[in-house]
Amino acid sequence: MSPFTILTWLICFNYYVMDHFGLSDILSEPDKYTPDTLDLLSDDEAREYWLNTCEKLVDKYVNFALSNKDDPTIEIRALKFKTCYVEALKEIRVNPLAHGELTIRLLLDINETCLRAQGFFDLWKRQKKYENEAALAQLASRLAEIDAMPDDRQKWLALCSGILAGNMFDWGAQAVTSILGCGLTEALQKIQKRPWLYDGLDKWLDKLQTTVHHCAAVFVDNSGVDVVLGVLPFVRGLLLRGTSVILCANEWPALNDITNSELENVLQSASLVCPIIAAARATGNLVVRSSGQRGPCLDLRTISVDLVTEMKIRGVDLIILEGMGRALHTNLNARLAVDSLKIAVVKNAWLAQRLGGPLFSVIFKYEDKPFQVLP
Ligand SMILES: *[C@@H]1O[C@H](CO)[C@@H](O)[C@H](O)[C@H]1NC(C)=O
């Protein structure tokens, strides 16, 4: 076999493997995709910051766990968790590649792994339930507020600001504790004023004038105000235009991110409030699916095969990534194969500064599907 034949074969095989799960319907160039925005191996300052930050969060969590006096095993488990995570971080300091490519995604995943190893499967379960219920109680009035807007443009402005304000409600971010317990309106006051750090709002509003997307896959973030008062009204806006929606949520609990089974319950309650959501669920125009992810970030190479297949069958032509984990720590620079919206509020002072904006900078990045270059 000539080297050329071997090369051709390798390229074809590689293409076959990359496309085997239909990733080329999601990623513009699957073989060039790296989910992570920062490379903590080459970026010394970022590495120092994130290792220190993660280490500091350990004690905060251990103290929280210890406040549960009902469980006699909690102390030993919490301390074992601490050892597990702190040791891993120490190891990484000595050998940055000890646990695989060093990224924020990895550091957050190790946290979840150490927690699960000590039987902390879903720490925020009660809190998430409580927040979902509290937010659901406000859904009707939020929808009425949006419906009262004089025209479509105003409506979409409100829906876009709403999804951003909703993303402020995040227990994983330290900078936001001051607004937890407040409402969407207060959160709206806190986020960056336009022009945003990434301001694709006009481009998105223009797109809505000319296009009705067939089907959108929306990867969601936090429970409570975020998903209920931010994401659901936005999704309802899409449904009203004739775009069907696949809501994609984590398979396993991570921080206060909503899981697919929790989201199913939330939608059931939302259906009682909103006939549009109810009808879309009944006709299959609105479905919830597991993204197959276990951590708070999103690696599009590892979303479940079933989801990739369904996205292809339903003809997804819009992908929406919401929240810091899915649209900032990962995928901010990823080129997707279809139109995409990346939406998040930067709730970390270091990261905001690194990106060149103030705390609570807004990422609202709209990108058209790239032109297909025929081989
Ligand atoms: C690890 O998970 C716990 C529980 O969800 C959380 O409180 C803590 O902030 C997490 N640590 C990091 C570094 O994300």
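This passage walks through helix 9, the nonpolar cores, the cavity and several individual residues of a predicted model.

A good place to start is helix 9, which spans residues 201–210 and has L201, W204, L205, K207 and L208 as its buried residues. Viewed down the helix axis, these buried residues fall within an arc of 155 degrees, so they line one face of helix 9. The general geometry helps here: an α-helix has 3.6 residues a turn, so residues three or four places apart point the same way. On the face of helix 9 turned away from the buried side sit the exposed residues Q209 and T210. The cover over the buried residues of helix 9 is drawn from several elements, including helix 7 (152–166), helix 10 (225–241) and strand 1 (198–199). Strand 5 (318–322), strand 6 (339–346) and strand 7 (361–367) are also among the covering elements.

W204 leads from helix 9 into the interior. The largest nonpolar core holds 57 residues, and W204, F234, L247 and F364 are the members that touch the most other members. Helix 10 supplies the largest share of this core, with 10 residues. Apart from this core lies another, of 36 residues, with W50, C54, V346 and A352 among them. As general background, nonpolar side chains in soluble globular proteins tend to be buried together. The surroundings of F234 can be followed residue by residue: once neighbours within four places in sequence are set aside, F234 is in contact with W156, L159, C160, I163, W204, I320 and L341.

The search for empty space gives a brief result. Over the whole structure, one cavity of 30 Å³ or more is found, and the largest cavity has a volume of about 30 Å³. Its lining is made up of D36, T37, L38, T103, I104, R105 and H329. Sorted by class, the lining of the largest cavity comprises two nonpolar, three polar and two charged residues.

Two aspartates come next. D25 is found in the loop between helix 1 (3–19) and helix 2 (44–66), and it counts as partly exposed because its relative accessibility is 31%, between the limits of 20% and 50%. Although D25 and G315 are 290 residues apart in sequence, their C-alpha atoms are 9.0 Å apart in space. Setting aside neighbours within four places in sequence, D25 is in contact with K312, A337 and V338. D306 belongs to helix 13 (residues 305–313); its relative accessibility is 62%, so D306 counts as exposed. Between D306 and W156, which are 150 residues apart along the chain, the C-alpha separation is 31 Å.

The backbone offers a few details worth a look. The peptide bond from R194 to P195 is cis, with omega near 0 degrees, and P195 is placed in the loop between helix 8 (184–190) and strand 1. Positive phi values in residues other than glycine occur at L255, near 45 degrees, and at N331, near 75 degrees. L255 lies in the loop between strand 3 (244–249) and helix 11 (260–273), and N331 in the loop between helix 14 (324–327) and strand 6. With 28% relative accessibility, L255 counts as partly exposed, whereas N331, at 0%, counts as buried.

Key:
Residues are numbered from 1 along each chain as its sequence is written. This is a predicted model: local features need pLDDT of at least 70, side-chain atom pairs count only at pLDDT 80 or more; totals for chains, interfaces and linings use all residues. Side-chain values use heavy atoms; hydrogens and water are left out. Buried means under 20% relative accessible area, exposed over 50%, partly exposed in between (1.4 Å probe, protein chains only). Helices (H or I, at least four residues) and strands (E, at least two) are DSSP runs, numbered from the N terminus. The arc is that of the directions from the helix axis to the C-beta atoms. Contact means heavy atoms within 4.5 Å. A nonpolar core is a set of buried Ala, Val, Leu, Ile, Met, Phe, Trp, Tyr and Cys residues joined through side-chain atoms within 4.5 Å. On a 1 Å grid over the protein atoms alone, a cavity is a set of points where a 1.4 Å probe fits but cannot get out, and a pocket is an open set with protein on both sides within 12 Å along at least five of seven lines; lining residues have an atom within 4 Å of a point. Grid points are joined across faces, edges and corners, and a volume is the space filled by probe spheres set on the points. Ala, Val, Leu, Ile, Met, Phe, Trp, Tyr, Cys and Pro count as nonpolar, Asp, Glu, Lys and Arg as charged, and the others, Gly among them, as polar.
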